[in-house]
Every structure is written in C-alpha cells, then in structure tokens.
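Visitor: I would like to learn how aromatic rings and strands are arranged in a protein. Could you walk me through an example?

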Amino acid sequence: MVSRTTHPVIGTRSLNRATLARQLLLGRAGMSARDAVGHLLGLQAQNVKPPYYQLHARLAGFRPAELAGLMESREVVRMVTMRSTIHTHTAHDALTLRPLVQPARDREVGHFRKGLVGVDLERLTARARAFVEAGPPRTMGEIREELLTQWPGADPQSLAVAARCRLPLVQVTPRGVWGRSGQVRLTTLENWLGSERAAAAGEASVDDVVLRYLGAFGPASVKDMQTWAGLTRLRGAFERLRPGLMVFRDENGAELFDLPDAPRPDPDTPAPPRFLPEFDNLLLSHADRTRVITPEAKGRSWAGNQAYRTLLLDGFLAGLWKADAGVLTVELFAPESKAAKEAKEEIVAEGELLLAAMEEDPQTPAGRWPVRFGSIHG
C-alpha cells in the first residue's frame, strides 16, 4: 500500500468544482429527469417541491411535468432511505438501496424500545405488511390504529416508527406530483411496483454504491459517504476498492477517494449562480461540508430543524431565497462584497429563469418576473 503521506493535496476550490461537476451544477446537463435521479442516487424529498427545484437547477429545459409523469408512471417513487429521510428514487434504486440501509432503519427502531415492550417486531412487520397490501394505500394513522388493536399497551408513535422502519413504505401518488395535492398514503414498495419488477431488481453491492456515490459526490472520504447514507463501517468497502481508485488528501490531511476518470475541473472554472431548494443533498452529503459552505456561511441555511432555500454564488453557499406570488426575494449574506455586486445581473437572470419555469402564472409575461434583493423574512 502506498504511503498516505504521498497522496496529492486537493484544495477546497478544487473540491468545490469537482463536486459541482458531479452534481450537474457547473452547467445544466442534457439528460432526462429519470437519468438524473439515478445519477444523483436520489433527491431529498422531505417536502413535495424540492425534487423539482433540484432538477431545474441541474437539467437543461427541465419542466415539472417530466418528473410528475415519472411519479405517476411509477418510474420514480418517494420513500424513506438515506439518513431516515424521504428521497425520490428511481424504481430500481428504491428496490436496491433500501435493503442497503435497512440495518440503520432496524437500529432506529431500537431507540423506541421503551414504547415497544412486549411487541414482537416480526409479527408487527407481518401484520403491517398485510394491512397495507390488503386494501387501498393507508395513512400512517390508520396503520397505527391497526397495530394498536394487537398491542393496545404499546406507545402509538413507537408502533408507527417501527412499521415505517421495518417496511419499505412508499408514499403513493398523487402525493409528490407537481400541481396536485394528496394526503400521505402508504403501501409497500413491492406492492406499488409489482412483485415481478421487485424480483428482477436484484441486490446492490456496497462496493457498487461506493463507486456511484463517488461519481455523484466525490472526491470524498469514508466519513463523507457514511454521512450521506446514514451508515457506519464502510471503511472495508473503500479498502477493497482502493487499488482502482485515486486517493487525495484535503487541506486538513483527511484521505479522499475518487474515480480515476471522474471530472475534476480547474478550480478557476466559472460556477454560475444556482437556486437550490431546502434539503438539497449537495449541502447534506459530506461530513466535511466546507467544499460548499464557507465558515462565514455555516449555520445560516437552517433555523431550528427547518432548512431554507439556498443560493450558490461562485459555487459556494452565499444566500437564501423564497418565491411568493411570482416575486423572488434573494437575501445575500454579503450583499456589498465585490463578488455579490458583480453577480447581481446573473442572479436576476437565473431567478427569472427559475420563476418562468417553476412558478407558472399565465397572467405574467415571460421575462417580467420581479426579482428583488432583501431579507427573506420581509
């Protein structure tokens, strides 16, 4: 094994540009929404609209109807996977990635063991599966009430968490479809996609997922991928793959792995302004997020447990935004900086593009959407 002290150092700006290239944020890609969802290993979908905004920031000519159609045709689905959060995945990735993170979901159930005294988890899993597959998709409240008939002394919330963790439950449409609304209703992934499709998916190896993660988020450390997946003990997979990977060190000496043929653009490559939704995986999928979040911006994209919509400027977190009644408000962290002043025209152009595509209003002529700079709080 080559001494780790010989690995070349990759600076923060180089890491930034490499990650933006993998994330399709240096220039909009001419790929389909389905291919982009697969390339990115899913889109954070805690709320309904973020997946659509994530694709708008990354794909040329994207319109919400494209992803909505994939939702309705069951080519993509919404379900709990990475970090116990809801993601939009291709059907194939939903079938193969959920088993990969199942050990973490099983451990999560353990945090609620005080509310599950006397509950046989195998029986709970079987009963919940039978209930959601026997009829129309169920609400979580209905699942909870069904389980309480068997275990009336258990904590209702703990029963619901156990069902959510033990079963691969999909949020069925119209939930998640752009322009439509619907209560969260659930059935199993296999029931939603069909048993034949589920059986044909096979299993994803940890090594394959490591390579795909590096393709979408690299260069990255073992801890980075563990943060993204919500898993531990991934060192072994990286060590197996080490002979075929490039290895770098960041400016703090941490070891970073990468695919040999992955893009690593020049650190001075221009990075256009990009408007990202709340919970974009770009900001959540590394243990060390300084490749995107400067020390000055740390903590400014959150309030409590709620994330704000964010603006990238020169590839780094530089502000927040909100769209309300056809008006886009942009709050820059350093509005008087030279970079902010020079980029305002680009920010306005990008904002107008976003509103024209995503905040459709037939009463507003194209190119006439107002973009203002100020506090997003009023």
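The talk below goes through ring pairs first and then a sheet with its helices.

Guide: Welcome! This is a predicted model, where local features need pLDDT of at least 70, side-chain atom pairs count only at pLDDT 80 or more, and totals for chains, interfaces and linings use all residues. Residues are numbered from 1 along each chain as its sequence is written, and side-chain values use heavy atoms, with hydrogens and water left out.

Visitor: How many aromatic pairs are there?

Guide: Rings of Phe, Tyr and Trp (its six-membered ring) pair if their centres lie within 6.5 Å; planes under 30 degrees apart are stacked, over 60 edge-to-face, and the rest tilted. By this rule, the count of aromatic pairs is nine.

Visitor: Which kind of pair do F238 and F257 form?

Guide: F238 belongs to helix α13 (residues 235-241) and F257 to strand β7 (residues 255-258), 19 residues apart. Helices (H or I, at least four residues) and strands (E, at least two) are DSSP runs, numbered from the N terminus. With 5.1 Å centre to centre and 55 degrees between the planes, the pair is tilted.

Visitor: Why is the pair of F279 and W302 edge-to-face?

Guide: F279 lies in the loop between β8 (274-276) and β9 (302-303), and W302 in strand β9, so the pair ties together parts 23 residues apart in sequence. The ring centres are 5.7 Å apart, and the pair counts as edge-to-face because the planes stand at 70 degrees.

Visitor: Is F279 buried or exposed?

Guide: Buried means under 20% relative accessible area, exposed over 50%, and partly exposed in between (1.4 Å probe, protein chains only). W302, at 34%, counts as partly exposed. F279 has a relative accessible area of 14%, so F279 is buried.

Visitor: Which strands are the edge strands of the sheet β8-β11-β12-β13-β14?

Guide: Two strands pair if DSSP finds at least two bridges between them. This open sheet of five strands has mixed pairing. The strands that pair on one side only are β8 and β14 (371-373).

Visitor: What is the bridge partner of F275 in β11?

Guide: β8 and strand β11 (residues 309-313) pair in the antiparallel sense over three bridges. In β11, F275 has as its bridge partner L311.

Visitor: What angle does the direction of helix α14 make with that of β13?

Guide: Axes are lines fitted to C-alpha atoms, for helices over the stretch in contact (heavy atoms within 4.5 Å). Angles run from 0 to 180 degrees between N-to-C directions. Helix α14 (residues 338-358) packs on the sheet, and its direction makes with that of β13 (327-332) an angle of about 150 degrees.
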